[in-house]
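Work through the exercises below with the model open beside you, and attempt each task before reading its solution.

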Amino acid sequence: MTALSMAQADLPTPQVDLVAEQQRTLASPRRRYGFLARLLFITMDLVYGRKRTLSKFKVLELIARVPYQTWEHVAYVALTHKHGQPRFARRIFEFVREARLQQDNEQWHLLILEEAVQRQGLEEGFLRYRVVPQLIALFYYHVSWLLYVLNPRLSYALNADFEDHAEHEYMLFVQENPALESQPFISDFRQDYGAFRSMADLLRRIGLDEREHKDESLVRMQQPRFA
């Protein structure tokens, strides 16, 4: 069996038209990013270059988990103080579960991209791709936490900016690299995340995930804390 036939085996019926969703993203304007989001994107470009690469996306995914970790931790602190109000505590716990699911989704992105980078034998410096991402993530964690404590809407808005940026970057990367259409998606995580006919479809799906995370943050901006 060839690599392509192996990659196409046991493929599920597509639930969305990924190509159409890519075009929808490319046709939509980006959000008007706030100062903190623009600072983060500028920093990423300075450290990793403006060119879109799998290695740079891997760094994005490592950072993307951070707000959901922050919100989960804040919610658990709230549960500690509000467990005596079962109905309210249950709403908080539902919020925890949602944040955890979003965090897990970003984690699958990271693992799949790490796997792809290793399969392609891409070289990554230890400082730029191991140490610096952790420092950026640490900074992002504290910013997300502080914004959430001050006003949850601010933290959600920053995350919506980040996810909107990621959505557009993924879809543009697929557009810029037509060879991805014929590159099979081979992964140990197919059973966990999904099977796709090509790397192009995989990256479109990841981009669509980022849009869904963005939309969830936008909805949260209109709701009270732990609604």
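**Exercise 1.** Determine which helix gives the most to the nonpolar patch, and with how many residues.

*Solution.* Helix α7 (residues 126–150) gives the most to this patch, with four residues, where helices are DSSP runs of H or I of at least four residues, numbered from the N terminus. The model is predicted, so local features need pLDDT of at least 70 and side-chain atom pairs pLDDT 80 or more, whereas totals for chains, interfaces and linings use all residues. Residues are numbered from 1 along each chain as its sequence is written, and side-chain values use heavy atoms, without hydrogens and water. The patch itself is formed by W145, L146, V149, L150 and L154, with about 480 Å² of accessible area together (Shrake-Rupley method, 1.4 Å probe, only the protein chains shown counting as cover). Patch residues have over 30% relative accessible area and no salt bridge, and nonpolar side chains (Val, Leu, Ile, Met, Phe, Trp, Tyr) are joined within 5 Å; a salt bridge is a side-chain nitrogen of Lys or Arg within 4 Å of a carboxyl oxygen of Asp or Glu.

**Exercise 2.** Establish where the buried residues of α2 fall when seen down its axis.

*Solution.* In helix α2 (residues 18–27), L18, E21, Q22 and T25 are buried (under 20% relative accessible area, with exposed over 50% and partly exposed in between). They fall within an arc of 105°, so they line one face of the helix, the arc being that of the directions from the helix axis to the C-beta atoms. On the other side of α2, R24 and A27 are exposed. The buried residues of α2 pack against α8 (152–176) and α10 (199–221), contact meaning heavy atoms within 4.5 Å.

Note on methods
Buried < 20%, exposed > 50% of the residue type's maximum accessible area, 1.4 Å probe, protein only. Helix = DSSP H or I, 4+ residues; strand = E, 2+ residues; numbered from the N terminus. Patch = residues over 30% accessible without salt bridge, like charges linked within 9 Å, V, L, I, M, F, W, Y side chains within 5 Å.
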